[in-house]
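Good morning, colleagues. Please look at the sequence and the structure on the screen, and I shall then take you through one site and the sheet around which my remarks are organised.

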Amino acid sequence: MSVDRGAGDDDRDLEAELASAAAGNSGIPFDAICTGCRRVRVKRAKPEEVGQHPQIDPAQLEASDCSSFKHVCHHCQKATFWNPLAVLSGLLESDRGDGDE
Ligand SMILES: [Zn+2]
């Protein structure tokens, strides 16, 4: 068995992370890495916080086009910079409509 994924926690529940207050309550859900402790967590950021146009369609957004953004890290216990790793567009959809169709 070689589990070699760097961050090490494969049993993450992205939806639960997104639903938690730690992720923030508005903005696009990103999988992002804390520049302080290198932990990967789901964090929400508004488009303008990652250097994008406020009206951008998040589904068209690439994490590589986004700048780092400031967010509270509960491990560092302060606001740190987070580098976007991926736009969680799957969570975005479930976030918008609540299961009707
Ligand atoms: Zn941190």
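Cysteine 34 and cysteine 73 are both buried, in what is, I should state at once, a predicted model. Burial here means under 20% relative accessible area.

Both residues serve the zinc ion. Its protein donors are the SG atoms of Cys34, Cys37, Cys73 and Cys76, at 2.3 to 2.4 Å from the metal. What is the geometry of the site? The angles among the four donor atoms run from 106 to 114 degrees, and the site is tetrahedral. For reference, the ideal angle for four tetrahedral donors is 109.5 degrees.

Along the sequence, the donor residues follow the spacing C-x2-C-x35-C-x2-C. Cysteine 34 belongs to strand S1, residues 28-34, and cysteine 73 to strand S3, residues 69-73, so this pair ties together parts that lie 39 residues apart in sequence.

I turn now to the sheet. In which order do the four strands lie? The order is S2-S1-S4-S3, in an open sheet with antiparallel pairing. Strand S2, residues 40-45, and strand S3 are the edge strands, each pairing on one side only. On average, neighbouring strands of this sheet are turned by 55 degrees against each other, with direction ignored.

Let me close with the pairing of strand S3. Five bridges join S3 to strand S4, residues 78-87, and the two run antiparallel. Histidine 71 stands opposite threonine 80 of S4. In general, strands of a sheet pair through backbone hydrogen bonds.

Notes:
Residues are numbered from 1 along each chain as its sequence is written. This is a predicted model: local features need pLDDT of at least 70, side-chain atom pairs count only at pLDDT 80 or more; totals for chains, interfaces and linings use all residues. Side-chain values use heavy atoms; hydrogens and water are left out. Donors are N, O and S atoms within 2.8 Å of the metal (3.2 Å for Na, K and Ca); water is not among the atoms, so sites may look incomplete. Four donors count as tetrahedral if all angles lie between 85 and 135 degrees; four count as square planar and six as octahedral if opposite donors are over 155 degrees apart and all others between 65 and 115; anything else is irregular. Buried means under 20% relative accessible area, exposed over 50%, partly exposed in between (1.4 Å probe, protein chains only). Two strands pair if DSSP finds at least two bridges between them. Axes are lines fitted to C-alpha atoms, for helices over the stretch in contact, and angles run from 0 to 180 degrees between N-to-C directions.
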